[in-house]
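Let's take a friendly walk around a ligand and the protein that holds it. Have the 3D view ready and turn it as you read.

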Amino acid sequence: MTIFEKIVAGEIPCKKVLENDSFLAFYDINPKAPVHILAIPKICVKDFHLASPTLLGELCAFTQEVAKHVGLDKSGYRVITNIGDDGGQEVPHLHFHILGGGKLAFPTLA
Ligand code: AMP
């Protein structure tokens, strides 16, 4: 079970932003921007590359809702999804990072 599945199951607490039947958004425990939220599907799919277009479309719509909910739609924001080792993925459960709250630098190589 991934840490995010444990969050969905309520076994690990999170600072919830928004939720519906299929998706959950919560604040990242180690924020990389003034606002850093993770949007995840409640079902565990390992990463973006393995996710169906339908699931990704729904996650995109949910991500837009989350950004609007916290007011990032007005100031701008960034959506990132890390995939595999070179992508820097630590948690093998599809998630979109929603970053904002200030001007963001553009990342390159570690
Ligand atoms: P990634 O490297 O793309 O897999 O991102 C995983 C993210 O999950 C990191 O930004 C972590 O800070 C975040 N994270 C890990 N555990 C938790 C947790 N219990 N609650 C909130 N965020 C977490």
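## Polar contacts with the ligand

A polar contact is a pair of N or O atoms within 3.5 Å. Keep that cut-off in mind as you look at this model, which is predicted.

An oxygen atom of the ligand lies 2.8 Å from a polar backbone atom of V91, so this pair is within the 3.5 Å limit for a polar contact. Side chains take part too: D28 has a polar side-chain atom 2.5 Å from a ligand oxygen atom, and H95 places a polar side-chain atom 2.8 Å from an oxygen atom of the ligand. How much of the ligand does the protein cover? On its own, the ligand has 510 Å² of accessible area, and the protein covers 90% of this.

## The shell around the ligand

Now widen your view. There are 17 residues around the ligand, and D28, N82, E90, H95 and H97 come nearest. Sorted by class, this shell holds 8 nonpolar, 6 polar and 3 charged residues.

Which element gives the most to the shell? It is helix 1, with 3 residues.

## The pocket it occupies

Where does the ligand sit? The space it takes is the largest pocket. Helix 1 (3–8) and strand 2 (23–27) are the elements that give two or more residues to the shell around the ligand.

The largest pocket contains about 710 Å³ of space. It is lined by 28 residues, and those closest to its centre are D28, K32, H36, L38 and H97. Two or more lining residues come from each of helix 1, strand 2, strand 3 (35–41), strand 4 (77–80) and strand 5 (96–100). Helix 1 supplies the largest share of the lining, 3 residues. By class, the lining divides into 16 nonpolar, 7 polar and 5 charged residues.

Note on methods:
Residues numbered from 1 in each chain as written. Predicted model: local features only at pLDDT ≥ 70, side-chain atom pairs only at ≥ 80, totals over all residues. Heavy atoms only, no water. Near = heavy atom within 4 Å. Polar contact = N/O pair within 3.5 Å; in protein donor to acceptor, adjacent residues only side chain to side chain. Areas by Shrake-Rupley, 256 points an atom, 1.4 Å probe, with all protein chains shown as cover. 1 Å grid on protein atoms, 1.4 Å probe; cavity = no way out; pocket = protein on both sides within 12 Å on 5 of 7 lines; lining within 4 Å. Sits in = over half its atoms within 2 Å of the grid points. Helix = DSSP H or I, 4+ residues; strand = E, 2+ residues; numbered from the N terminus. Nonpolar A, V, L, I, M, F, W, Y, C, P; charged D, E, K, R; others polar. Points joined across faces, edges and corners; volume = space filled by probe spheres on them.
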